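Work through the following exercises with the sequence and the structure side by side. Try each task before you read the solution beneath it.

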Amino acid sequence: MYEHNQPVVVEELELDDPKENEVLVRTAASGVCHSDLSVVTGTIYYDAAVALGHEGAGVIEHVGRNVTGFQPGDTVILSFVSYCGNCRMCQMERVCLCQTYDVPRGFLLDGTYRLHNSSGDGILQMARIATMSEYMVVPEQNLVKIDPHYSLEKAALVGCGVTTGVGAVLNTAKVEPGSTVAVIGTGGVGLNAIQGAVLAQAERIIAVDIAEKKLNFAKNFGATDVVNAAETDPVEAVRELTDGLGVDYAFEVIGNPKTIVQAYDMVRPAGSAVIVGIAHHASEFSIPAQRFVSSEKRLIGSFYGSCQPRVDMPKLLNLYTEGKLKLDELISRHYRLEQINEAFADMEAGENARGVIVFN
Ligand SMILES: [Zn+2]
Ligand SMILES: [Zn+2]
C-alpha cells in the first residue's frame with residue numbers, strides 16, 4: 001500500500017535475512033480481512049508504504065540466531081500480536097494486551113525494516129507479519145506451531161477471523177448455554193461469532209446485516225433468525241424477537257459508532273454488548289450516562305478474541321477436526337496475489353464469507 005485509498009500494488013521486494021529471534025516463513029495462504037482494507041483507507045493507520053496481510057499460515061524456511069522452539073519445516077499460523085510473555089498482562093494470560101513493545105507500527109521489534117523496494121526504500125509490515133507476501137521475516141513470538149497435517153489455507157483463517165469471532169463469544173463474553181445472542185455484521189469475523197455462539201449452545205442467534213447474501217451465509221453458520229437492517233430498525237427487530245426485552249449478548253463486528261450504540265441498545269438490562277469491530281482510530285460513540293448505570297448493562301471491548309494464540313489456535317483446529325467448527329465453508333473464493341484489488345472489491349460487495357489468497 002503506497003498510497004491511502006488507492007489500489008494496492010503487487011511488486012517484487014528485497015527481504016533481509018532474519019535477525020536474532022526472527023524467523024523466515026514461506027507463506028502458503030493469506031485470508032483477506034476487512035482490517036487489511038482498513039489499512040488502505042487509513043481507518044487503521046499505518047504510514048505508507050506498508051505490506052498488507054495479517055491472517056496467514058506457512059512453513060518455516062530458516063530461523064535466525066537465538067530462536068528456540070521452531071525449526072525449518074515447521075508449519076505455523078501467524079499471530080498478529082507480539083508479546084513478551086513476562087509482563088503483568090502476559091502473566092495474567094492476557095498476552096494480546098501485552099504493552100511491552102513501544103515500536104512504531106509496522107516495524108520489526110528492533111525498530112527497523114526487513115523489506116525494501118527497488119528504490120531502496122523501507123517497507124513496513126502490517127502487524128509485523130505481512131501475510132500477503134510470498135515470504136515474511138517475523139518475530140518468533142508471532143508464530144504458532146501447528147500439526148503439519150492441517151490444510152494451511154484453512155489454518156490461515158484461524159490467524160484472525162476465526163479466533164477473533166469465536167474468541168469474542170467464548171473467551172471475552174463467556175456466553176452461557178441457553179443464551180440469546182445478536183451479531184451485527186456477518187462478514188468473516190461475524191460468521192465466526194455466530195459459530196462461537198453455536199459452540200456456546202446459545203438458544204437463539206440473531207444475525208443482523210444489510211446484505212442479503214451475508215445473511216444467507218449467517219444462516220449456514222447457525223443463525224436462527226436474520227434481520228436485514230436496510231429494511232427494518234435492527235434494535236426494534238431484535239427486541240421483538242426476544243419478547244420486548246433484548247438479547248443477553250450483542251456482538252458488534254463492524255466498527256461503526258452507530259452500530260456500536262445499536263448493540264448496546266439491543267441488549268437486555270444487565271446484558272452485555274461486546275465490541276469486536278475496529279472503528280476508525282479517531283471515532284467516538286456516546287451512550288446515555290444515567291441509563292448506563294440504571295440498566296446495569298455491560299459494554300466490553302474484545303481484541304483478537306481475548307486469545308492466547310499458542311493455546312487457542314491449536315484448540316480451534318482441533319474443533320475443526322472434530323467437526324464442531326466450520327472452516328471449509330468459510331472459504332468462498334481463492335485468489336492469486338495479483339487479484340488483491342478484486343478481492344477487496346468482492347469483500348466490500350459482500351460476495352464472500354472469506355476470500356483467501358493462495359501462494360504456490
Ligand atoms: Zn483480521
Ligand atoms: Zn507482555
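**Exercise 1.** Find which residues coordinate the zinc ion (ligand 1), and work out which parts of the chain the two cysteines tie together.

*Solution.* In this predicted model, the donor atoms around the zinc ion (ligand 1) are SG of Cys-33, NE2 of His-54 and SG of Cys-160, at 2.0 to 2.2 Å. Written along the sequence, the spacing of these donor residues is C-x20-H-x105-C. Next, place the two cysteines: Cys-33 is found in the loop between β2 (22-32) and α1 (34-41), while Cys-160 is found in the loop between α3 (152-158) and α4 (161-173), so the pair ties together parts that lie 127 residues apart in sequence. Finally, consider accessibility, where buried means under 20% relative accessible area: Cys-33 has 3% and is therefore buried, and Cys-160, with 4%, is buried as well.

**Exercise 2.** Describe the surroundings of Thr-75, beginning with the strand in which Thr-75 lies.

*Solution.* Thr-75 belongs to strand β5, which covers residues 75-78. Its relative accessibility is 9%, so Thr-75 counts as buried. The side chain of Thr-75 reaches the backbone oxygen of Ile-146 at 2.8 Å. Ile-146 also appears among the residues that Thr-75 touches once those up to four places away in sequence are set aside, a list that includes Val-144, Lys-145, Asp-147 and Pro-148, together with Gly-58, Val-59 and Leu-152.

**Exercise 3.** Decide how α4 and α10 are oriented to each other: roughly parallel or roughly perpendicular?

*Solution.* Begin with the geometry: α4 packs with helix α10 (residues 309-321) at an angle of about 100 degrees, and their axes are 11 Å apart. Because angles of 65 to 115 degrees count as roughly perpendicular, α4 and α10 are roughly perpendicular to each other. The next step is to list the residues that make the contact, which are Val-162, Thr-163, Val-166 and Asn-171 on α4, and Asp-312, Met-313 and Leu-316 on α10. Sorted by class, the contact of α4 with α10 holds four nonpolar, two polar and one charged residues.

**Exercise 4.** Locate Val-175 and state whether Val-175 is buried or exposed.

*Solution.* Val-175 sits in the loop between α4 and β10 (180-184). With a relative accessible area of 8%, Val-175 is buried. Comparing sequence with space, Val-175 and Ala-197 are separated by 22 residues in sequence, and their C-alpha atoms are 7.2 Å apart. To finish, leave aside the neighbours of Val-175 within four places in sequence: Val-175 is then in contact with Val-169, Val-181, Ala-200, Tyr-249 and Phe-251.

Technical notes:
Residues are numbered from 1 along each chain as its sequence is written. Chains are lettered from A and ligands numbered from 1 in the order in which they are written. This is a predicted model: local features need pLDDT of at least 70, side-chain atom pairs count only at pLDDT 80 or more; totals for chains, interfaces and linings use all residues. Side-chain values use heavy atoms; hydrogens and water are left out. Donors are N, O and S atoms within 2.8 Å of the metal (3.2 Å for Na, K and Ca); water is not among the atoms, so sites may look incomplete. Helices (H or I, at least four residues) and strands (E, at least two) are DSSP runs, numbered from the N terminus. Buried means under 20% relative accessible area, exposed over 50%, partly exposed in between (1.4 Å probe, protein chains only). A polar contact is a pair of N or O atoms within 3.5 Å; within protein, one must be able to donate a hydrogen and the other to accept it, and residues adjacent in sequence count only if both atoms are side-chain atoms. Contact means heavy atoms within 4.5 Å. Axes are lines fitted to C-alpha atoms, for helices over the stretch in contact, and angles run from 0 to 180 degrees between N-to-C directions. Angles under 35 degrees count as roughly parallel, over 145 as roughly antiparallel, 65 to 115 as roughly perpendicular and the rest as oblique. Ala, Val, Leu, Ile, Met, Phe, Trp, Tyr, Cys and Pro count as nonpolar, Asp, Glu, Lys and Arg as charged, and the others, Gly among them, as polar.
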